[in-house]
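Trainee: I'm new to this one. Could you take me through the sheet, slowly and in plain words?

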Amino acid sequence: MNNPMPTLEEVAAEAGVSRSTASRAINGGSRVSPQAQAAVEQAIARLGYTPNRAARSLVTRRTESIGLIFPEPDVRVLSDPFFGSVIRGLNAALKDTDIQLVLIIAQPEDSLGRIERYLTNGHIDGAIVVSHHYKDQLEEIILKSRLPAVFVGRPSSTDGALHMVDVDNVAGGRVATEHLIARGRTKIAHISGPSDMAAGQDRRDGWLQAVQAAGLTPGPCHEADFTTSMGAQAMEQILSEAPDIDAVFAGSDLMALGALRVLEQNGKRVPEDVSVVGYDDLGVAETTVPPLTTVINPVAEMTRWATAELLFRLGYLSEAERFSGLATEGVETRPNAIILPTVLVERASS
């Protein structure tokens with residue numbers, strides 16, 4: 001027969017304190033002496049006691065859960081490797097904690113009032129916001145709710161009121177385009193991400209900066225939505241406008257995959273006729289034909305940084321523990337912002 005789980009009363013008796021003192025010591029309440037706290041912790045270790053999460057929540061006013069908010073259609077969340085990398089990064093950051101993850105997929109057709117009520121009614125302690133579009137109004141909801149949150153990706157607000165972790169997407173777009181220029185390419189088109197997302201804007205800006213700095217005329221630029229089908233559609237438009245282009249920088253690997261398919265259908269050899277560079281390196285780039293040169297988008301690492309920052313803001317981590325175990329080389333920290341460096345991975349497409 002299994003031994004019953006020890007009770008709070010047994011912990012109190014083992015520690016030589018009252019039940020209320022043992023409860024406060026376990027659940028983070030105040031008015032507990034250091035001696036009593038130590039005695040209760042030793043009793044817990046000896047008895048193998050597991051604290052009751054519901055009781056602890058009543059004392060601390062914490063749910064011990066954080067939300068991961070994806071303001072995207074669920075089909076894309078389930079199919080795009082970007083989102084799988086986000087979840088892996090967050091799970092890695094939470095693996096040594098008791099904090100639970102709540103996945104919130106904010107569909108475009110969802111009522112903003114429903115999302116706002118959920119975020120303001122104490123269901124979660126804080127949130128990580130990923131793949132944010134300016135039109136989804138999450139910035140306004142987060143600010144109004146006063147819910148501690150960290151954005152993975154630059155929000156539109158530049159006043160520092162919102163915390164963020166991002167990669168230097170402008171530098172990434174510039175590095176990708178400079179690589180093509182170094183390969184002797186002079187007619188470089190761009191398939192950009194959505195204009196209402198920072199990543200789409202910044203990578204396009206980097207492409208334009210590099211082209212202009214080299215004294216070249218920018219090739220056609222068409223906007224897509226980070227999907228393969230829209231990348232293919234943009235590539236078709238580019239070829240119809242400028243069939244003599246010799247390079248394409250796509251703002252994501254999925255869009256580059258669509259571009260590769262269209263180039264093949266039109267008899268364009270890669271990289272002999274047209275060089276192609278993508279952005280992300282989340283698994284797709286290694287499987288394309290030919291394998292894709294791309295800029296690393298360190299999504300899992302950014303999510304780990306964002307989670308560490310959120311846990312610090314919530315008081316779950318100390319200053320010393322805040323970024324423990326994270327690679328800090330090349331990382332720039334600013335007030336309310338953490339910027340990771342960009343790296344180009346060269347493969348056969350360029």
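Mentor: Sure, let's start with the layout: seven strands make an open sheet, running β2-β1-β3-β4-β5-β12-β11, with mixed pairing. This is a predicted model, where local features need pLDDT of at least 70, side-chain atom pairs count only at pLDDT 80 or more, and totals for chains, interfaces and linings use all residues. Residues are numbered from 1 along each chain as its sequence is written, and side-chain values use heavy atoms, leaving out hydrogens and water.

Strands here are DSSP runs of E with at least two residues, and helices are runs of H or I with at least four, both numbered from the N terminus. Two strands count as paired if DSSP finds at least two bridges between them.

At the edges sit β2 (100-105) and β11 (332-334); each has a single partner strand, so one side of each has no neighbour in the sheet. On average, neighbouring strands are turned by 15° against each other, direction ignored.

Now look at β1 (residues 65-70) and β3 (residues 126-130), which pair in the parallel sense over four bridges. Ile-69 has Val-129 in β3 as its bridge partner. Helix α8 (residues 138-145) packs on the sheet and touches β1, β3 and β4 (149-152); contact means heavy atoms within 4.5 Å. The direction of α8 makes about 160° with that of β4, using lines fitted to C-alpha atoms (for helices over the stretch in contact) and angles from 0 to 180 degrees between N-to-C directions.

Finally, find Ile-339 in strand β12 (residues 337-340). Ile-339 counts as buried because its relative accessibility is 8% (buried is under 20% relative accessible area, exposed over 50%, partly exposed in between, with a 1.4 Å probe and protein chains only).
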